[in-house]
Amino acid sequence: MACLVATAGGAIGREYPLAEGLNRVGRAPGNEVRLEEAAISAVHCELWLMKERLLLRDLASTNGTFVQGRLVSEAELHDGDLVTVGSVELRVAGVPGRVAIPAPPPPTPPPPRFTADGIPCCLNHPAVPASYRCPRCGEQFCVDCVHLLGRRGGTRHAFCPQCSVACVLIVPPRQAAGRLKGAPGWLAKLTQTLRLRR
């Protein structure tokens, strides 16, 4: 259960339990945490206890509210924090912490696909050489699949059709088209070279 424990001042060792919702701190009767000291205002500050958070707000007190030695108007309190009102020092205890759920790791990009000649091929057209690769999803696309955007007289930019990220040029489109029309790939050239040497 969340509470404030007096560590300095007139009520050392005394515990002040905090109810869920609003908890007022001050000198006047009716405050949930009543501290009878002249340097503390009638209603000095308020604490809001929620399921996973404890928030403090100073209520324009005469001598101010301090958290960890710093004057604050509003602050989020954590387990072990020291709140000072007047000459009374209160340590925060039992505040539930937030549960942090780590983000899942990004998916691993798919391995590149190649035609029989060893040329990277398009995701949507396996027989067509790919000219672009998306750096986010890792897929390869031909010129017909990417979204081309450019200004008159300027360079054209290709964007991934799946995630709209700027693609990286892997094979110039003219070179890819030449390979598709029957220009021999590196494997075919190597085979021809080996045949000639016999």
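Reader: What percentage of the contacts in the protein with a separation of 6 or more is accounted for by residues 24 or more positions apart?

Author: The structure is a predicted model, in which local features need pLDDT of at least 70, side-chain atom pairs count only at pLDDT 80 or more, and totals for chains, interfaces and linings use all residues. Residues are numbered from 1 along each chain as its sequence is written, and side-chain values use heavy atoms, with hydrogens and water left out. A contact here means heavy atoms within 4.5 Å. Among the contacts in the protein with a separation of 6 or more, residues 24 or more positions apart account for 35%.

Reader: How many strands does the protein have, and what percentage of its residues is buried?

Author: Helices (H or I, at least four residues) and strands (E, at least two) are taken as DSSP runs and numbered from the N terminus, and the protein has 2 helices and 16 strands. Burial is judged by relative accessible area with a 1.4 Å probe and protein chains only, where buried means under 20%, exposed means over 50% and partly exposed lies in between. Of the 198 residues in the protein, the buried ones make up 33%.

Reader: Which strands stand at the edges of the open sheet of 5 strands, and why is one side of each left without a neighbour?

Author: Strands count as paired if DSSP finds at least two bridges between them, and the open sheet has mixed pairing in the order β4-β3-β5-β6-β9. Inside that order, β5 and β6 run antiparallel and are joined by 5 bridges, with Leu49 having Leu54 in β6 as its bridge partner. Because each edge strand has a single partner, one side of each lacks a neighbour in the sheet, and the strands in that position are β4 (33-34) and β9.

Reader: Which elements give two or more residues to the largest nonpolar core?

Author: A nonpolar core is a set of buried Ala, Val, Leu, Ile, Met, Phe, Trp, Tyr and Cys residues joined through side-chain atoms within 4.5 Å, and in soluble globular proteins nonpolar side chains tend to be buried together. The largest such core has 24 residues, and those with the most contacts inside it are Leu4, Leu18, Leu35, Leu47, Leu54, Leu77 and Leu90. The elements that supply two or more residues to this core are β1 (3-8), β5 (45-49), β6 (54-58), β9 (74-77), β10 (82-85) and β11 (88-93).

Reader: Which residues does Leu77 touch, not counting those up to four places away in sequence?

Author: Leu77 is among the residues with the most contacts inside the largest nonpolar core. When residues up to four places away in sequence are not counted, Leu77 touches Leu47, Leu54, Leu56, Val67, Val83, Val92 and Val95.

Reader: In the hairpin of β14 and β15, which residue takes a positive phi?

Author: Strand β14 (residues 147-150) runs antiparallel to strand β15 (residues 156-159), and 4 bridges join the two. His147 stands opposite Phe159 in β15. The hairpin has 5 residues between its strands, and there a positive phi near 80° is taken by Gly153.

Reader: Is Thr65 buried or exposed?

Author: Thr65 is found in strand β7 (residues 65-67). Its side chain makes a polar contact (a pair of N or O atoms within 3.5 Å, where within protein one must be able to donate a hydrogen and the other to accept it, and residues adjacent in sequence count only if both atoms are side-chain atoms) with the side chain of His44 at 3.4 Å. Leaving aside neighbours within four places in sequence, the residues in contact with Thr65 include Cys45, Leu56, Arg70 and Val83. With a relative accessible area of 0%, Thr65 is buried.

Reader: With which residue does Arg24 meet in a salt bridge?

Author: Arg24 is found in strand β3 (residues 21-26) and counts as partly exposed at 30% relative accessibility. A salt bridge is a side-chain nitrogen of Lys or Arg within 4 Å of a carboxyl oxygen of Asp or Glu, and by this rule the count comes to 4. At 3.5 Å, N to O, the side chain of Arg24 meets that of Glu32.

Reader: How far apart are the closest N and O atoms in the salt bridge of Arg57 with Glu46?

Author: Arg57 lies in strand β6 and Glu46 in strand β5, 11 residues apart, so that the pair links distant parts of the chain. Arg57 counts as partly exposed at 38% relative accessibility, whereas Glu46 counts as buried at 7%. In the salt bridge of Arg57 with Glu46, the separation of the closest N and O atoms is 2.5 Å.
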